[in-house]
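Colleague: Please take one packed helix pair at the start of the chain and look at it closely. Then place it in the rest of the fold, going through the sheets and the other helix contacts.

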Amino acid sequence: MNNEFLERIKSRREVLEGVKLALKDKFIGIDDVIDKIIDSISLWYLTPELQFRPLIVSLWGITGVGKTDLVRNLVKLLKFTDKFIEIQMDMKNDYSKNIENFLESSGIDSAEPAILLLDEIQRYRTVAEDGSIIDNKYFNDIWMLLSDGKFQNNSQRRAEILELLFEEMYYTDRRNNEDEDDEASDAPPKRQSGKSKKANITNAPKKEKSYKFKTSYWTANRFKKMLNLKISAEEIMKMSVEQRMEIMEDSLKLGNVNEGKTYEKMLIFISGNLDEAFTMAEEVEDSERDADIYHELSKRINIIHIKNALSKQFKPEQIARFGNNHVIYPCLDKKSYYEIIKRNCAMILNRVETEHNLKITLSDAVYDAIYRNGVFPTQGVRPAISTVYNLLGSNLPTFLYLCLVNDLNKMHIDIKNNFLFTKIKGKRYEKEVVLDIDNIRDRKTKDEKILVTVHEVGHALLYAILYKTPPKQINVNSSGLSEGFVINHSSIENKTFLRSRIAVYLGGLVAEELVFGEEFKSIGAHVDISNATDAAGRYVRNYAMDGIISRIIKKEAPQPQELNYDTEKTDDIIENILIEEKKRAKDLLNQNMGTYKLLVKYAVENNGINVEHFLEICNANGLKLKQTEINDKLSYSYDEKVTKFLNQ
């Protein structure tokens, strides 16, 4: 048993464990991600001698969840900063035309373990949105590196080496001539005459200057890499041009100068935002949807979704080179956002205490205000941290001044109605602050809020009646582009569910007609009508659920001859389905009008209604709903139906 090997493994395992704990302490809400990354790099870090091709770890997630920053911190903790290269994959300058140049100029030995980060890989797409191929003029050698770590042979390398040496010969000769001119100009004049003067000039020996280094470090290092030399760059710097020419000739005889470098010990992180997989990333204005719901929805994303998203941006053979080691970051949940907010506030307040011996504490209302106005769940931590500094950091000097002039060493800050405030000796001191999202909500009139409440509660109640479970979130006072919304579950679609979904889409419109009358219903249902029409169209034309068997689409050349293009025949069928489901929605709301009124009353009086109160009111009125998790798909009991069928 090799004791030295065992000791190395033990020591490095301890390092990895320490790195894991340090990363978990710094990055909030991604413990599972950190565990997977540390597990993935274990072979590379513990026994690099067993690795014979680059290790590729791909990191995917929405912006601002810690992909790039985690890699940078990992590099520091592993003490690999001198063996780390980060490349932004949207660089297009002349120097960055290939990855090999970056690696060769980095000083990294190709035979030693190193770390490469290819960041924002989605910007390097090779397939356009319309499916056409993009001919990238830069970084084309990335696919060789990802394949087996080896770059192709370079037949021009000999010419490049010769060019490098001839340049050195030119500048060496030029420098020597300049030195001679300097000596001649610096020599003191001598009083001589006639023949003796001429003899002195012609017979005087030339004095040569001696330099420790004959070339620059950059040239020596490039020479070393081009010839795959084992000697140090410093040794090469001491060599004359003639000595380097001799080494070059010997290397050319061996025939390995033109061989491409192999980086088989490389750890390659690929990082990117794939909006095709993380569809919620497009909802950049959404500050209302519960972060926990986005968190749960993002946990649905798996390697199949990632490969499908990559297929929209890269060729199949390129996707294969990414490998299967895909680490998927979830969206952060509400608890994580609050912890991040409190940690950043603490950093500011701790600095105040250190610098001014003043301890400041914050009420929970301050943290709530930062969350409400700073968290956009699809944009990660950056907006939240920005709001911490806007709300707390920029207004802190006012309260710091109050402490100093009143000779205080502690203070508590609270917030109410757009004012940060504190109390000193019973007197209130306040500072007005700007809360953009709260202000948007507050600017809505009472009539606007009631209109949205009537509409959204109609959706929510119909959903609960038809699916036997409450929605995951009900928002009747949104600050986003939509006035309100109801978040539903996913489901295993069937004929009954599709018809029910159409009724739910039309529930807001029906509720407005019942409460305000036909003449005063709003235009707020226009998106609902589009969704209902789309669902009814797919019900008839795609899924053959209304007596028509063929797949029906609009005729657009060129199209396969096997399809049915008679769309006019189904127009009336689709309209009739919409009429039937609107009537069903109206009948159901009328049958449950008592429950509907209680829900609307509660939402109006409390400026909103959460799922818990919705469920309580519905069940108190006999609906017998059962709460369902967001990632639990709604479905009929198909297993029971099969059992019954088999037993017939």
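**Helix pair at the start of the chain, and its setting**

Modeller: In this predicted model, helix α1 (residues 3-26) and helix α2 (residues 31-40) have axes that come within 10 Å and cross at roughly 155°. An angle over 145 degrees counts as roughly antiparallel, so α1 is roughly antiparallel to α2. The crossing of these two helices is right-handed. On the α1 side the contact is made by L16, V19, K20, L23 and K24, which meet D31, I34, D35 and I38 of α2. Sorted by type, the residues of this contact are five nonpolar, no polar and four charged.

I28 and G29 are touched by S336, leaving aside residues up to four places away from S336 in sequence. S336 itself is part of helix α15 (residues 334-356). Its relative accessible area is 6%, and since buried means under 20%, S336 is buried.

Next, the wider setting. The chain has 27 helices and 11 strands. Of its 648 residues, 45% are buried. Taking contacts between residues at least 6 apart in sequence, 73% join residues at least 24 apart.

One open sheet has five strands in the order β2-β3-β4-β1-β5, paired in parallel. Its edges are β2 (84-88) and β5 (326-328), each of which pairs on one side only. From neighbour to neighbour the strands of this sheet are turned by 20° on average, with direction ignored.

At the β2 edge, the pairing with strand β3 (residues 114-119) is parallel and runs over five bridges. I87 has L118 of β3 as its bridge partner. The side chains of β2 alternate: I85 and I87 point to one face and are buried, whereas F84, E86 and Q88 point to the other face and are not buried. I87 therefore combines a bridge to L118 with a place on the buried face of β2.

At the other edge, β5 pairs with strand β1 (residues 55-60) in the parallel sense, over three bridges. Here S58 is bridged to H326 in β5. Helix α13 (residues 303-311) packs on this sheet and touches both β1 and β5, and its direction makes about 105° with that of β5. An angle of 65 to 115 degrees counts as roughly perpendicular, so the 105° of α13 to β5 belongs in that class.

A second open sheet has four strands in the order β6-β7-β8-β9, and its pairing is mixed. The edge strands are β6 (359-362) and β9 (427-432), and each pairs on one side only. The twist of this sheet averages 30° from one strand to the next. Within it, strand β7 (residues 410-416) pairs with strand β8 (residues 419-424) in the antiparallel sense over three bridges. In that pair I415 stands opposite L420 of β8.

Further along the chain there is another helix pair to set beside α1 and α2. The axes of helix α20 (residues 446-467) and helix α21 (residues 495-505) come within 8 Å and cross at roughly 160°. With the cut-off at over 145 degrees, α20 and α21 are therefore roughly antiparallel to each other. α20 passes α21 in a right-handed crossing. From α20 the contact takes H459, L462, Y463, L466 and Y467, and from α21 it takes F497, S500, R501, A503, V504 and Y505. These residues divide into eight nonpolar, two polar and one charged. For the α1 and α2 contact the division was five nonpolar, no polar and four charged.

Y505, one of the α21 residues in that contact, also gives a reference point for a residue later in the chain. The C-alpha atoms of S530 and Y505 are separated by 9.0 Å, and the two residues are 25 apart along the chain. S530 is found in helix α23 (residues 526-542). Its relative accessibility is 46%, so S530 counts as partly exposed, whereas S336 in α15 is buried at 6%.

Technical notes: Residues are numbered from 1 along each chain as its sequence is written. This is a predicted model: local features need pLDDT of at least 70, side-chain atom pairs count only at pLDDT 80 or more; totals for chains, interfaces and linings use all residues. Side-chain values use heavy atoms; hydrogens and water are left out. Axes are lines fitted to C-alpha atoms, for helices over the stretch in contact, and angles run from 0 to 180 degrees between N-to-C directions. Angles under 35 degrees count as roughly parallel, over 145 as roughly antiparallel, 65 to 115 as roughly perpendicular and the rest as oblique. A crossing is left-handed if the near helix is turned anticlockwise from the far one by less than a right angle, and right-handed if clockwise. Contact means heavy atoms within 4.5 Å. Ala, Val, Leu, Ile, Met, Phe, Trp, Tyr, Cys and Pro count as nonpolar, Asp, Glu, Lys and Arg as charged, and the others, Gly among them, as polar. Two strands pair if DSSP finds at least two bridges between them. Buried means under 20% relative accessible area, exposed over 50%, partly exposed in between (1.4 Å probe, protein chains only).
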